[in-house]
Amino acid sequence: MLSGCELLLLMLLTPPLLAEISHIPLARNRILLDSVELLQQSQQPPQPPVDVPADPATPVPPQRCLSLQRYRKMLKDIDDVEDLYVDVPVHIALAERQKKRFVLNLNDTTPLTIRFSAPVVRKMYFNQTGSALRPAAMASGPGVSGDTLVLPCALRGQYDLFVQARQSGALKVDALAQHPHHNWPLLNATHRIAIRTQNRVRKREMIVKWDRSKFDYHAMHYCLVIQRIVPDTPRLTFTHFCQAVAAFVDQRPLSPSCSGVSPLDLVWAAPPQRERRLNPRHSLHVVCTGKRRQQMLRRLLPRSSYQLDLFGVHQKRQNLTMRLATTQVRFNRTQPLALRQQALALLKIGGQHGTQIYSFKVPQVDPPVEHPVMRHLLIPCSGSEIRVRLLRQRNEVWQSIPIFSPTYIRQNGVLPGQRYQMRFEPSNDDETLRAQKVMVALSSEALFRTLPELPKNITVFNVRTRCNRATIAWNGSPDERELSYCIIVFNLPQRNRSVVDATNYCMDFSPKQMVNYKNFEWMTCRERQQSPQSIDNIETETILNLNPGASYLVYVTANLSMGKPLPYQALTLHMASQCLDDSHESFY
């Protein structure tokens with residue numbers, strides 16, 4: 001019973017007390033029964049705000065993380081704790097089915113090997129979360145006693161290792177900061193692998209390709225480390241793959257989750273994909289491709305440089321990693337190669353789909369001419385048919401017929417300063433393998449300064465063939481400069497007779513280099529015999545000492561006193577295998 005004074009005081013304070021309680025939030029308007037409930041409330045993890053349901057009597061069940069609960073239950077059940085240090089073995093005695101917890105703290109990312117002297121049941125957790133690790137296990141065998149756990153890349157942090165003995169006895173636990181196959185002999189061997197890239201700047205894509213590893217290629221998987229080079233920022237250098245994985249994980253901190261996925265699973269367990277989207281806000285990415293030797297990268301930043309490091313992952317040696325190749329690429333639109341004036345350039349045609357594009361600019365001529373022109377000399381190296389297209393601002397201004405021998409192109413109506421593009425491609429699919437290179441020369445003058453002028457018809461004719469000699473003829477050069485001709489003969493093996501075309505117009509036809517070529521047979525050089533202004537400007541030559549039944553490849557070259565020689569169309573001679581006498585001959 002309350003006294004009268006206390007009852008009066010309670011009546012006086014009731015209105016302010018009610019007003020104060022009405023302003024306090026509902027969550028705080030509770031009466032805690034004792035200190036035990038207060039302790040339980042402080043230990044509960046903060047719950048995210050949820051919408052209050054319409055019916056206040058319906059409770060909202062809190063979210064539960066089963067893997068985290070199992071981990072905490074193991075912490076509660078196993079109170080026998082032992083600290084584990086790298087390179088410091090621990091010797092203990094365990095009874096049958098006895099449980100023990102080992103705590104290992106790593107200050108740096110490194111490969112980790114944990115060895116047990118006896119078979120045990122074990123489970124490992126990382127950084128006091130519910131993420132259970134699944135390290136590779138090595139069974140006992142020659143040189144391996146007991147069980148061994150291998151983490152190819154152990155991130156820095158705390159590792160909880162729960163162990164249960166299968167039988168009574170002594171147990172030795174040893175943690176090593178190295179891979180069990182760190183002394184594999186091929187790790188220090190020289191290994192050359194080329195990395196090739198193709199930029200698609202408009203789509204912000206890059207295709208990366210590399211050669212197959214020659215070290216156990218049947219068991220080698222690949223991981224690509226892509227690092228964007230930021231100006232005024234030190235570039236990261238990785239001595240081993242684990243450092244790249246640590247830097248990749250650190251730049252994207254992960255909140256604890258109930259999925260049981262560890263940070264390493266983002267690298268190791270991610271399935272290979274044909275294309276990967278890079279996060280532009282991150283400067284480092286790690287992409288594992290499995291056995292695939294190419295990868296498409298998307299969402300790259302134009303006008304940026306990227307460092308590509310290729311690592312191999314040996315699947316038969318507990319994911320042993322090794323550096324295979326490294327390169328730096330510039331992700332920018334590829335500019336066509338610029339051609340120079342009065343220079344015979346050797347160009348490749350082996351681009352994507354067998355097409356290659358080169359550019360050139362019409363030079364300024366001093367003094368200016370009334371009708372400027374551009375002359376092009378095209379020499380397909382292997383005598384294969386190619387097509388040439390001249391483009392200006394993506395518009396075709398000239399298209400040639402398929403050419404297979406040295407050919408001149410005259411381009412009229414050009415203006416100084418204009419830029420053109422020259423597009424090469426094989427004439428058909430059958431010529432793709434042969435059409436690999438072409439020689440190109442440009443000139444804004446009437447003649448090439450260091451190259452002789454070839455006639456319109458550059459065919460070399462077989463006039464007469466005897467048992468051991470042949471007479472050939474060709475049209476003389478219209479060039480009025482001092483000029484000479486060289487006749488070069490190569491012996492064709494019998495297995496290549498009428499089957500393989502051994503023509504090569506891109507050889508060095510200088511006399512000093514000809515004698516070093518394979519199957520070289522004979523060579524002679526002489527001055528021109530006919531005048532360029534003569535109507536019958538035909539040159540002839542007789543080749544002696546040929547073998548009956550043999551096949552020969554004959555080149556005729558025009559040579560200036562200074563400069564490079566140019567070849568006529570090659571001629572193949574097939575000598576008769578049987579001759580009755582020296583008078584036997586054939587005419588063509």
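Start by selecting residues 120-126 and 157-165 in this predicted model. These are strand 5 and strand 9, and they run antiparallel to each other, joined over seven bridges. For a landmark in that pairing, click valine 121: glutamine 164 of strand 9 stands opposite.

Keep strand 5 on screen and add residues 132-133, which are strand 6. This pairing is antiparallel too, over two bridges. Pick out tyrosine 125 here and you'll find alanine 132 of strand 6 across from it. Then look at the turn itself: five residues sit between the two strands of this hairpin, and asparagine 127 has a positive phi, near 55°.

Next stop, a charge and a ring. Show the side chains of arginine 212 and tyrosine 217: the arginine lies over the face of the tyrosine, 4.3 Å from the ring centre.

Now select residues 241-250, helix 4. Is this helix largely enclosed or not? Seven of its ten residues are buried, so the rest of the structure largely encloses it. To colour the buried ones, choose Phe241, Cys242, Ala244, Val245, Ala246, Phe248 and Val249.

Move on to an open sheet. Four strands make it up, in the order 20-27-22-25, with antiparallel pairing. Its edges are strand 20 (345-348) and strand 25 (407-412), each of which pairs on one side only. Turn the view to look across the strands: neighbours in this sheet are rotated by 30° against each other on average, ignoring direction. For a closer look at one pairing, select strand 22 (residues 373-380) and strand 27 (residues 437-443), which are antiparallel over six bridges. Leucine 377 has alanine 441 of strand 27 as its bridge partner.

While you're in this stretch of the numbering, show arginine 392 and tyrosine 420. The charged end of the arginine sits over the tyrosine ring, 5.8 Å from its centre.

The last stops are about aromatic rings. How many aromatic pairs does the structure hold? There are twelve aromatic pairs. Begin with tryptophan 474 and tyrosine 485: the ring centres are 5.6 Å apart and the planes meet at 65°, so this is an edge-to-face pair. The tryptophan belongs to strand 29 (residues 470-475) and the tyrosine to strand 30 (residues 483-492), so the contact ties together parts eleven residues apart in sequence. Switch on a surface and check both: tryptophan 474 is buried, with a relative accessible area of 0%, and tyrosine 485 also counts as buried, at 1%.

Then go to phenylalanine 509 and tyrosine 555. Their ring centres lie 5.4 Å apart with the planes at 65°, so they are edge-to-face as well. What does this pair tie together? Phenylalanine 509 is in the loop between strand 30 and helix 6 (511-514), while tyrosine 555 is in strand 33 (residues 551-560), so the linked parts are 46 residues apart in sequence. Phenylalanine 509 is buried, at a relative accessible area of 2%, and tyrosine 555 is buried at 1%.

Finish by widening that selection. Add Phe490, Tyr505 and Phe520 to Phe509 and Tyr555, and you have a cluster linked by ring pairs.

Key: Residues numbered from 1 in each chain as written. Predicted model: local features only at pLDDT ≥ 70, side-chain atom pairs only at ≥ 80, totals over all residues. Heavy atoms only, no water. Buried < 20%, exposed > 50% of the residue type's maximum accessible area, 1.4 Å probe, protein only. Pairing = 2+ DSSP bridges. Phe/Tyr/Trp six-rings, centres within 6.5 Å; stacked < 30°, edge-to-face > 60°. Lys NZ or Arg CZ within 6 Å of the ring centre and 35° of its normal. Axes fitted to C-alpha atoms, helices over the stretch in contact; angles between N-to-C directions.
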